[in-house]
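Below is a short note for a colleague who has not looked at this structure before. The points are numbered so that each can be checked against the model.

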Amino acid sequence: MLRQKPLVVSLVLAGLIAASDVSALGLGRLNVTTALGQPLVAEVDLSVAPGDDVDSIRVNVASPAVYRAANVEYQGVLQTVRAQVLRRPNGTPYVRLASSQSINDPYLDILLEVNSSTGRLVREYVFLLDPPGAAAAQTIEPAQPARPPMAPLSAPTPAPAP
């Protein structure tokens, strides 16, 4: 019985460590809003650790040396990509990526480097850019309905079984 107590304590401590990692500094999904042949505009979700001041977090496209260390090819167009930490209207932080020139290579491999008071993080994003017009049109809901909502159609009644 004495041997089980250290195991239980270890499992509880492991659970606490895992729970604290959930709120640690991190980069989430990437949402690209531009197409091939246009300047890059994208957003990356950013989660911050409780001790981090969002204004002190710095995000950059990693240097060519970091690319070499990760065995990833550095594309010259990445020199024009700037990363900026911003806040959405609800206060949630995110990273905005924008390039000053058009991206003409459909394949882009980008390493983002995040530095904060709680540590350093490097994350890789690989994505393809679609040609303009190739993506499905977005459906934008109007702020006010143009016409009153239609009444739901009643479901057809099934035919009686023989």
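1. Strand 6 runs into strand 7 by way of a hairpin, with 2 residues making the connection. The model is a predicted one, and this applies to every point that follows. Strand 6 covers residues 107-116, and strand 7 covers 119-128. The two strands pair in the antiparallel sense, over 10 bridges. One pair of facing residues is L108 and F127, the latter in strand 7.

2. The hairpin belongs to an open sheet of 3 strands, ordered 3-6-7, with antiparallel pairing. Strand 3 (58-61) and strand 7 are the edge strands, each of them pairing on one side only. On average, neighbouring strands of this sheet are turned by 20° against each other, direction ignored.

3. On its other pairing, strand 6 meets strand 3, again in the antiparallel sense, over 4 bridges. Here V61 has L112 of strand 6 as its bridge partner. In a regular strand, side chains alternate between the two faces of the sheet.

4. For orientation, the chain as a whole has 2 helices and 7 strands. Their order along the sequence is α-β-β-β-α-β-β-β-β. The chain has 162 residues, of which 26% are buried.

5. Which residues form a nonpolar patch on the surface? They are Y107, V126 and L128, and together they have about 310 Å² of accessible area. L128 is part of strand 7. L128 counts as exposed because its relative accessibility is 63%, and the cut-off for exposed is over 50%.

6. The structure contains 4 salt bridges in total. Side chains of opposite charge can pair when their charged atoms come close. Four residues, R29, E43, D45 and R88, are linked in a network of such bridges. The next three points take the pairs in turn.

7. D45 and R29 meet through their side chains in a salt bridge, at 3.5 Å from N to O. This pair joins distant parts of the chain, with D45 in strand 2 and R29 in strand 1, 16 residues apart. D45 is partly exposed, at a relative accessible area of 24%, whereas R29 is exposed, at 55%.

8. E43 forms a salt bridge with R88, and their closest N and O atoms are 3.1 Å apart. Distant parts of the chain are linked here too: R88 sits in the loop between strand 4 and strand 5 (93-102), E43 in strand 2, and 45 residues separate them. R88 is partly exposed, with a relative accessible area of 25%. E43 also counts as partly exposed, at 27% relative accessibility.

9. R88 forms a salt bridge with D45 as well, the closest N and O atoms being 3.4 Å apart. Because D45 lies in strand 2 and R88 in the loop between strand 4 and strand 5, the pair ties together parts that are 43 residues apart in sequence.

10. Is T34, in the loop between strand 1 (26-32) and strand 2 (39-47), buried or exposed? T34 is buried, because its relative accessible area is 19% and the cut-off for buried is under 20%. The side chain of T34 reaches two backbone atoms. One is the backbone oxygen of P39, at 3.4 Å. The other is the backbone nitrogen of V41, at 3.3 Å.

11. The loop between helix 2 and strand 4 holds N71. The phi angle of N71 is near 60°, a positive value in a residue other than glycine. N71 is exposed, with a relative accessible area of 72%.

12. G76 also lies in the loop between helix 2 (64-69) and strand 4 (81-87). G76 is partly exposed, at a relative accessible area of 47%. Between G76 and P64 the C-alpha to C-alpha distance is 9.5 Å, with 12 residues separating them in sequence.

Conventions: Residues are numbered from 1 along each chain as its sequence is written. This is a predicted model: local features need pLDDT of at least 70, side-chain atom pairs count only at pLDDT 80 or more; totals for chains, interfaces and linings use all residues. Side-chain values use heavy atoms; hydrogens and water are left out. Two strands pair if DSSP finds at least two bridges between them. Axes are lines fitted to C-alpha atoms, for helices over the stretch in contact, and angles run from 0 to 180 degrees between N-to-C directions. Patches are made of residues with over 30% relative accessible area and no salt bridge: like charges are joined within 9 Å, nonpolar side chains (Val, Leu, Ile, Met, Phe, Trp, Tyr) within 5 Å. Accessible areas come from the Shrake-Rupley method with a 1.4 Å probe; for residues, only the protein chains shown count as cover. Buried means under 20% relative accessible area, exposed over 50%, partly exposed in between (1.4 Å probe, protein chains only). A polar contact is a pair of N or O atoms within 3.5 Å; within protein, one must be able to donate a hydrogen and the other to accept it, and residues adjacent in sequence count only if both atoms are side-chain atoms.
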